[in-house]
Structure formats: structure tokens, C-alpha cells
Amino acid sequence: MRPFLTLLLSSFFITSPVYAEPLDNYQILNHLDNYGNLYLRNKPYTELPSDLVVKGNLNIEKTSIKRLPKGLEVKGSLDASNSLLNKVYAGTSIQGYANLLGTQIKNWPKGVKVGGYLNLTDTPLQKLPNRLRVKGDLSVIRTPLTNLPEGIIIDGDLYLGGSAIKEFPDTMTVKGNIYLGGNIISKWPTNLTLGGAVAR
């Protein structure tokens, strides 16, 4: 009787597996709120449709989505933290901030528009484009990034702690503060515009 009871209980607690799948334009309607926010946190989707326009915020936190679609326009902010995201295409437009903490981004391409802070903390980031303009704070905390790009402009604060950055480019603008977080900088810019202070 006991083996049968054990088998019965085991069958009772077995749940159907959740399969990852692309998100189509019809399924999107199930995840939109009245403000145009698209909330996909922890959902089993692997892709977003091309030329997607999100009228509010886009949340793909903790998903298996590896690429943002070409032609993506987010009129709010993007939260992709702790997702498998590793590719963002040039031409992507995000009017608010971009939170990419814990993603798999290695290269941030030229031609991506972000209207707020850019958080790349805890990513395998290796390269940022020359003359990058960040319209808020920039965080590269705990990344293997070794260099900031020449001519970088940061409208907010710069956070470096735990990164591999030891030298700064010749020309650099930070309108807020620079938080070194224990990093020792051996080469400072010859042309530095700094609006705040340096915190070691």
C-alpha cells in the first residue's frame, strides 16, 4: 500500500514544465497595463518582436531574452537586470534609464539612445563606444572593463569600484562626482571637466 501511496503523491505534485518561447504581438496584450508598461519579469519568453514600440516601461528582468529586437523604441525605461541579455542593436531608443545589472552585455554599441542612467554593474562588459554620452549616471562596478572611451561625457555620476579601470582617457567630462570605489588610477585626463568631486 505504501509504494502505491508514494507513487500517487508523487504524481499529484508533478507540475507541467514551463517552456521558453518567443513573444508575439498577440501575447503582448496579456502583459500590458493601462499605462503602456510591458511587464515580462520571470516570464518564459526568449525573444521580443522586431520594431517593438513600448509606450511605457519595459521590464524583462530575470528572463531568457538574449537580444533586444532591432528597431526597439521604449518611451519609458528599461529594466533587464539579471536576464540573459547579451545584445543591443544600434538604433535602439530608450527615453528613460537602462538598468542592465547582471546581464551578459560585453559590448555597448554606438548609436543606442538612453535618456537616463546606464547601469552596467556586474556584467562582462569589455568595451564602450568612443564619445559615449550618458545622460545620467554611469555604473561599471565589478566589470572587466579596462578603459573608458575617449571623449566620454557623463551628465551624472561615474561609479568604477571593482572594475579593471586603472587609467582614464585624455579627454573626459563628468558633470557629477567620480566614485572610484577603491580603484587606483595611474593616469588621469589631460582635459578633465568635472562638475563634482572625486571620492576614493
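Reader: How many positive and negative side chains does the protein chain have, and how far apart do the centres of the two sets lie?

Author: This is a predicted model, to start with. The count in the protein chain is 22 positive and 15 negative side chains. Lys and Arg make up the positive set, while Asp and Glu make up the negative one. The centres of these two sets are 3 Å apart.

Reader: What makes the protein chain differ from a compact globule of 200 residues?

Author: Look at the radius of gyration: the globule would come out near 16 Å, but the protein chain has 21 Å. The spans of the C-alpha trace along its principal axes are about 80 × 40 × 25 Å.

Reader: What share of contacts in the protein chain join residues at least 24 apart?

Author: Just 4%, taken among contacts between residues at least 6 apart in sequence. As for secondary structure, the protein chain has two helices and 19 strands. The buried share is 42% of the 200 residues. About 11,100 Å² of surface is accessible, and carbon and sulfur atoms hold 52% of that.

Reader: Why is Thr92 called buried?

Author: Its relative accessibility is 0%, and buried means under 20%, so Thr92 gets the label. You'll find Thr92 in the loop between β7 and β8.

Reader: And what surrounds Thr92, leaving out residues up to four places away in sequence?

Author: Thr92 touches Pro69 and Leu72, and also Gly111, Val112 and Lys113.

Reader: How do you know that the side chain of Thr92 reaches the backbone oxygen of Tyr89?

Author: The separation is 2.7 Å. A polar contact asks for N or O atoms within 3.5 Å, so the Thr92 pair at 2.7 Å fits that distance.

Reader: Why does Gly56 count as buried?

Author: Gly56 has 6% relative accessibility. The line is drawn at under 20%, so Gly56 is buried. Gly56 sits in the loop between β4 and β5. Beyond four places in sequence, Gly56 touches Tyr35, Gly36 and Asn37 on one stretch of numbering, and Val74, Lys75, Gly76 and Ser77 on another. Between the C-alpha atoms of Gly56 and Gly96 there are 9.5 Å, with these positions 40 residues apart along the chain.

Reader: What makes Gln95 partly exposed?

Author: Its relative accessible area is 46%. Exposed starts over 50% and buried ends under 20%, so Gln95 falls in between. Gln95 belongs to the loop between β8 and β9, and its contacts beyond four places include Glu73, Val74, Lys75 and Gly76, along with Gly115 and Gly116. From Gln95 to Val112, 17 residues along in sequence, the C-alpha distance is 11 Å.

Reader: What is unusual about phi of Asn42?

Author: Phi of Asn42 is near 65°, which is positive in a residue other than glycine. Most residues other than glycine have a negative phi. Lys62 also isn't a glycine, and its phi is positive at about 55°. Asn42 lies between β2 and β3 in a loop, whereas the loop of Lys62 runs between β5 and β6.

Reader: Why are these called partly exposed: Asn42 and Lys62?

Author: Asn42 has 47% relative accessibility and Lys62 has 40%. The partly exposed class is what lies between under 20% and over 50%, so Asn42 belongs there, and so does Lys62.

Reader: Asn119 next: why is Asn119 buried?

Author: At 14% relative accessible area, it is under the 20% cut-off, so Asn119 counts as buried. Asn119 is part of strand β11. Its contacts beyond four places are Ala98, Asn99, Leu100, Leu101 and Ser139.

Reader: What makes the Asn119 and Thr121 side chains a polar contact?

Author: The distance is 2.7 Å, and the limit is 3.5 Å, so this pair qualifies.

Reader: How about Glu150: why is it partly exposed?

Author: Glu150 stands at 31% relative accessibility. That is neither under 20% nor over 50%, so Glu150 is partly exposed. Glu150 lies in the loop between β13 and β14. Beyond four places, Glu150 is in contact with Asn130, Arg131, Pro169, Asp170 and Thr171. For Asp170, the backbone nitrogen is 3.2 Å from a polar atom of the Glu150 side chain. Glu47 is 34 Å from Glu150, C-alpha to C-alpha, and 103 residues away in sequence.

Terms used:
Residues numbered from 1 in each chain as written. Predicted model: local features only at pLDDT ≥ 70, side-chain atom pairs only at ≥ 80, totals over all residues. Heavy atoms only, no water. Helix = DSSP H or I, 4+ residues; strand = E, 2+ residues; numbered from the N terminus. Buried < 20%, exposed > 50% of the residue type's maximum accessible area, 1.4 Å probe, protein only. Polar contact = N/O pair within 3.5 Å; in protein donor to acceptor, adjacent residues only side chain to side chain. Contact = heavy atoms within 4.5 Å. Rg over C-alpha atoms; globule rule 2.2 N^0.38 Å. Areas by Shrake-Rupley, 256 points an atom, 1.4 Å probe, with all protein chains shown as cover. Charge placed at Lys NZ, Arg CZ, Asp CG, Glu CD.
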